[in-house]
Amino acid sequence: MCELYRTQIAEGRYFLHEHPECATSWGEDCIKNLLQMDSVDQVVGDQCQYGQEYQGEPVRKPTTWMSNAETYYKTWENRAKAAEERARGNKAGITAAAPEK
């Protein structure tokens, strides 16, 4: 995956990597190395800012995006305000779990 991202960068194309903020993948060496590149950055946004819901209630679910497309990733950096978080609660654990089969 990281090799593909490096190829995208080398050929002047964009890539997008998205995982939950607490995912262990953010600690992988290849991800850390990509983040050392000047053209790559990461931002964190809450899914409730983009309409994610569970049973009609907003779901906070902090999500991290890594990309070399600055024009786009800066727009994803939306965090719920503290008061809204308390009012909505945090149901991220429910939606982050694998679906039942």
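Which residues of β5 are buried on one side, and which on the other? In this predicted model, Pro 62, Thr 64 and Met 66 are buried on one side of β5, while Thr 63, Trp 65 and Ser 67 are buried on the other, leaving both faces of the strand covered. In a regular strand the side chains alternate between the two faces of the sheet. Because 6 of the 6 residues of β5 are buried, the strand is largely enclosed by the rest of the structure.

The pairing of β5 helps to place it in the fold. Strand β1, residues 16-20, pairs with β5 in the antiparallel sense over 5 bridges. Strand β2 also pairs with β5 in the antiparallel sense, here over 6 bridges. Trp 65 appears in both pairings: it is the bridge partner of Glu 18, and it is the bridge partner of Val 43 as well.

Stepping back to the whole chain, the protein has 5 helices and 5 strands, arranged along the sequence in the pattern α-β-α-β-β-β-β-α-α-α. Of its 101 residues, 32% count as buried. The accessible surface comes to about 6700 Å², with 47% of that area belonging to carbon and sulfur atoms. Among contacts with a separation of 6 or more, 64% are between residues 24 or more positions apart.

The interior can be followed through its largest nonpolar core, which has 10 residues: Cys 2, Tyr 5, Ile 9, Phe 15, Ala 23, Trp 26, Ile 31, Leu 34, Val 40 and Met 66. Two elements, α1 (2-10) and α2 (29-35), give two or more residues to this core, and α1 gives the most, with 3 residues. In soluble globular proteins, nonpolar side chains tend to be buried together. Val 40 offers a good view of this region: leaving aside residues up to four places away in sequence, Val 40 touches Ile 9, Phe 15, Leu 34, Leu 35, Met 66, Ser 67 and Asn 68.

Two of the core residues also meet through their rings. The model contains 1 aromatic pair. The ring centres of Tyr 5 and Phe 15 are 4.3 Å apart and their planes lie at 20 degrees, so the pair is stacked. Tyr 5 belongs to helix α1 and Phe 15 to the loop between α1 and β1, so that the pair links distant parts of the chain, 10 residues apart. Both partners are buried, Tyr 5 with a relative accessible area of 9% and Phe 15 with 6%.

Charged side chains add a further set of links. Side chains of opposite charge can pair when their charged atoms come close. The count comes to 2 salt bridges. In one of them, Asp 46 and Arg 60 meet at 3.6 Å, N to O. Asp 46 lies in strand β2 (residues 41-46) and Arg 60 in the loop between β4 (57-58) and β5 (62-67), so this salt bridge ties together parts that are 14 residues apart in sequence. Both of these residues count as buried, Asp 46 at 0% relative accessibility and Arg 60 at 18%.

The other salt bridge joins Arg 13 to Glu 11, with the closest N and O atoms 2.6 Å apart. Here the partners are partly exposed: Arg 13 has a relative accessible area of 38%, and Glu 11 has a relative accessibility of 49%.

How values were computed: Residues are numbered from 1 along each chain as its sequence is written. This is a predicted model: local features need pLDDT of at least 70, side-chain atom pairs count only at pLDDT 80 or more; totals for chains, interfaces and linings use all residues. Side-chain values use heavy atoms; hydrogens and water are left out. A nonpolar core is a set of buried Ala, Val, Leu, Ile, Met, Phe, Trp, Tyr and Cys residues joined through side-chain atoms within 4.5 Å. Buried means under 20% relative accessible area, exposed over 50%, partly exposed in between (1.4 Å probe, protein chains only). Helices (H or I, at least four residues) and strands (E, at least two) are DSSP runs, numbered from the N terminus. Contact means heavy atoms within 4.5 Å. A salt bridge is a side-chain nitrogen of Lys or Arg within 4 Å of a carboxyl oxygen of Asp or Glu. Two strands pair if DSSP finds at least two bridges between them. Rings of Phe, Tyr and Trp (its six-membered ring) pair if their centres lie within 6.5 Å; planes under 30 degrees apart count as stacked, over 60 as edge-to-face and the rest as tilted. Accessible areas come from the Shrake-Rupley method with a 1.4 Å probe; for residues, only the protein chains shown count as cover.
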